[in-house]
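Hi,

Here is the structure I promised to pass on. Have a look at it first, then read my notes below.

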Amino acid sequence: MSHANVFRATFQRELKLLARQKADWVNPLLFFIIILTLFPLGVGAKPNLLREIAPGVIWIAALLSVLLGAERQFRQDYRDGVLEQLVAARSPLVGYSLAKIAAGWLGSGLPLILVSPLLALFLGLSTEALTAVVLTLLLGTPLLSLLSALGAALTLSADKGGILLTLIILPLYIPLLIFASAAVEQASFGLNYQAQLAVLAAMLCVALALVPLAVQKALKLNVG
Amino acid sequence: MLLSARQLSCIRQDRVLFEQLDLQLHAGEVLQIAGKNGAGKSSLLRILAGLVDPEDGEICYQQQPLSHSADDYADNLCFIGHLAGVQPQLTALENLAFWRACFALAPADDWALLAQLGLAGLEDIPCQQLSAGQQRRVSLARLWLTTAQIWILDEPFTALDQGAIAALTRRIAAHCEAGGAVLLTSHQPVEVPGHVVRQLTLEYRW
């Protein structure tokens, strides 16, 4: 029972589930698109103002849409007893949770990155800022997925875990939000934003190393 | 002696379900845990499966306390709880493939196995479209795949028809003859051909 085998099996299984339950990845994407199209309508025909607030708006929208599906991440396997059997067999849950997180990112993070250039145009972002948006999303959305998986694992057996989940992970999202929108803002002034990207990459590395271990522990506690 | 428990006690929501419970499971034996609803049968099985720590007492696998032998024990244990462990959007074949990878089981002919369990023609339908009994059969298919010596089954006969119950008891008998041991809960009397089913009754306590 190696981590790699469990990772591969879980990842393939999650991809099948993503293909079958399209709502799981369509809903966050639609939510993201709706927020970003409503903003120009709500703010009105003020291109300068829009351009100014765009970095924050895009990042808040991305954060909320990842949060939208976060609660469901481990819920079904918990209810069906799949997790229980994995824990009883002492299967390597790190492989399982990494696969879940990776597939979760493919469902809720990657689509956002793919549509973000289009949406950045709605908000009148320059090409430099647009590149920064895509780069920060590339580094930031995996981090969002990791943190939301941590929240989902911690609140797994809580009856109405949704609010609790939000309360637990929102503080962890804030540094990400600050550095990511700062990077986009710097880029829109034509300044160098490598420092912000480096900080995002560092946060991603730390989370990638620690979150699967924490998720494994949290899943075990919740099943017991 | 494969599995033994000494002086186990379990407390749920300030209610003592059982205390000072001793239990032994030998190779080739079927032990049925009986008792009313809420008597603590499932809690006992979850403790014995190592999912929950008992309030008090000790579990030994082959005379070794679980704290030393947990990995060996888990490798040699097949636990099927009252939740089926079947992912409803996946087909029976896909569920089997996932277990095989996660529990490191040897490859075998899944189609033949599912046909043997009366699921011929239903192999590639999402499990949520199967009836409760058929889903249970998918979940119990693991017993035909596993090489584990100790089986812990929580209400394995629920929702099964007569034919499936007979197939399951035959499988249990074969497992015992091969030196395995089965610990199960059931509200119906369990008869395993060629084997005496030992009973342990948990009293319902206030």
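Let's start with A:Tyr193: is this residue buried or exposed? A residue needs 20 or more other C-beta atoms within 10 Å to count as buried, and A:Tyr193 has 24 such neighbours, so it is buried. Keep in mind that this is a predicted model, so everything here is computed from predicted coordinates. You'll find A:Tyr193 in the loop that links helix 9 (161-188) to helix 10 (194-223) of chain A. Leaving out residues up to four places away in sequence, A:Tyr193 touches A:Ala132, A:Ala183, A:Gln186 and A:Ala187. For a sense of scale, try finding A:Leu38: its C-alpha atom is 28 Å from that of A:Tyr193, and 155 residues separate the two along the chain.

A:Leu38 brings us to helix 2 of chain A, which covers residues 23-43. Its 21 residues reach 30 Å from the first C-alpha to the last, close to the 30 Å expected at 1.5 Å a residue. Which residues of this helix are buried? They are A:Trp25, A:Pro28, A:Phe32 and A:Leu36. If you look down the axis of helix 2 of chain A, these buried residues fall within an arc of 80°, so they line one face of the helix. The other side of helix 2 has exposed residues: A:Ala23, A:Val26, A:Ile34, A:Leu38, A:Leu41 and A:Gly42. And what covers the buried residues? Helix 1 (3-20), helix 3 (47-70), helix 6 (93-108) and helix 7 (110-122) of chain A are among the elements that do so. Right after helix 2 ends, A:Gly44 has a positive phi of about 95°.

Now zoom out to the whole of chain A, which has 10 helices and zero strands. Its radius of gyration is 18 Å, close to the 17 Å that the globule rule gives for 224 residues, so chain A is as compact as a globular protein of that length. The C-alpha trace of chain A spans about 60 × 30 × 30 Å along its principal axes, and 47% of the residues in chain A are buried. Of the contacts in chain A with a separation of 6 or more, 82% are between residues 24 or more positions apart.

Chain B has seven helices and nine strands. For its 206 residues a compact globule would have a radius of gyration near 17 Å, and the 17 Å of chain B agrees with that. Buried residues come to 39% in chain B. Four of the strands form an open antiparallel sheet in the order 2-1-4-5. Strand 2 (15-25) and strand 5 (64-65) of chain B are the edges of that sheet, each pairing on one side only. Strand 1 (residues 3-12) of chain B runs antiparallel to strand 2 and is joined to it by seven bridges; B:Ile11, for instance, has B:Val16 in strand 2 as its bridge partner.

Last stop: where the chains meet. How many residues does each chain bring to the contact? Chain B brings 24 residues and chain A brings 23. On the chain B side, helix 2 (66-75), strand 6 (77-80) and helix 3 (92-102) each give two or more residues. Helix 3 of chain B gives the most, with four. By type, the chain B residues that touch chain A divide into 17 nonpolar, five polar and two charged.

Have fun exploring!

Definitions and conventions: Residues are numbered from 1 along each chain as its sequence is written. Chains are lettered from A and ligands numbered from 1 in the order in which they are written. This is a predicted model: local features need pLDDT of at least 70, side-chain atom pairs count only at pLDDT 80 or more; totals for chains, interfaces and linings use all residues. The expected span of a helix is 1.5 Å times one less than its number of residues. A residue is buried if 20 or more other C-beta atoms lie within 10 Å of its own, exposed if 12 or fewer, and partly exposed in between; C-beta atoms are placed from the backbone. The arc is that of the directions from the helix axis to the C-beta atoms. Two residues are in contact if their C-beta atoms, placed from the backbone, lie within 7 Å. Ala, Val, Leu, Ile, Met, Phe, Trp, Tyr, Cys and Pro count as nonpolar, Asp, Glu, Lys and Arg as charged, and the others, Gly among them, as polar. The radius of gyration is taken over C-alpha atoms; the globule rule is 2.2 Å times the number of residues to the power 0.38. Two strands pair if DSSP finds at least two bridges between them.
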